[in-house]
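Dear colleague,

Please find the structure below for your files. My notes on what was found in it follow directly after.

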Amino acid sequence: MAVLQVQNIEKHFGKVQVLQDISFDLEEGQTLAIIGSSGSGKTTLLRCLNFLETPDGGKISVHGETLFDAGDPATQREKEVRKKRLHFGMVFQSFNLFPQYTALKNVMLARELLAKNSPDYKSRKKEITAEIETQARQLLQQMGLAERADHYPHQLSGGQQQRVAIARALAMKPDIMCFDEPTSALDPELTGEVLKVIRSLAEQKTTMIIVTHEMAFARDVADQVIFMDNGVIVEQGNAKDVIENPKEERTRRFLSRYANS
């Protein structure tokens, strides 16, 4: 069974339809790259998956559990949104780190807040906090940032900040990691270090969805590629097939413009 099933997702902003009949499955350990021009609906799709936006139609399921069904009001209760978001780790274009906290604290914070809801938190506070800190340090080491744990965001490069953001998302142990143009705010020389981390996660069979304009990266790392245009999926399939031998004219035009830009 697929980790993620997206069925017939629709989204409007006023009279403008930004997503139309979006459907795809994602298997455990796969990486899906979503490509397309600005305004094609890629970011809105990720925001719907992470429940930062509410779809107007369709269904979203994780491990066979229905998280959202436009026809079932019970799946749309606001109080359930935070719990549903735990299935998705989100890494944004901007780093969104808390400037008043160190890299270590930024990675620990969400886990600490969640732990406070545990019935044994008060009796095991020191032990739980120590476990969270150990995990956070391991993640920073995985990101190549062990020596930057006590640095604040302003003391880190853009690439280092984005790697802290990735560690923060991984700390919640999500079913699916989502990346929305994770290198778009970076200088070219810093892009490589972030893509290296994401490539490593793919090699470890982390289930991921990546919105990207890095075509070579998508071709080499992703298992599947979806090309979107004007809110619809124009073409989807094996990454190399879609990028190197697209079947649809709109896909070919996009890739040609991108290659020549």
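Helix α1, formed by residues 42-49, lies across strands β1 (4-13), β2 and β4. The helix runs at about 65 degrees to β2. Please bear in mind that this is a predicted model.

The strands beneath this description belong to an open sheet of four strands, in the order β2-β1-β4-β5, with antiparallel pairing. Its edges are β2 (16-26) and β5 (65-69), each of which pairs on one side only. On average, neighbouring strands of the sheet are turned by 20 degrees against each other, direction ignored.

At one end of that order, β4 (residues 57-62) and β5 run antiparallel and are joined by four bridges. For K59, the bridge partner in β5 is D69.

I also looked into the cysteines. A disulfide is a covalent bond between the sulfur atoms of two cysteines. A search of the whole structure finds zero disulfides. C48 is accordingly in no disulfide, and the nearest cysteine sulfur, that of C178, is 12 Å away. Why does the sulfur of C178 form no bond with that of C48? The two sulfur atoms are 12 Å apart, which is too far for a bond, because a disulfide requires a pair of cysteine sulfur atoms within 2.5 Å.

Are these two cysteines, C48 and C178, buried or exposed? C48 counts as buried because its relative accessibility is 1%, under the 20% cut-off. C178 likewise counts as buried, with a relative accessibility of 0%.

Yours sincerely

How values were computed
Residues numbered from 1 in each chain as written. Predicted model: local features only at pLDDT ≥ 70, side-chain atom pairs only at ≥ 80, totals over all residues. Heavy atoms only, no water. Pairing = 2+ DSSP bridges. Helix = DSSP H or I, 4+ residues; strand = E, 2+ residues; numbered from the N terminus. Axes fitted to C-alpha atoms, helices over the stretch in contact; angles between N-to-C directions. Contact = heavy atoms within 4.5 Å. Buried < 20%, exposed > 50% of the residue type's maximum accessible area, 1.4 Å probe, protein only.
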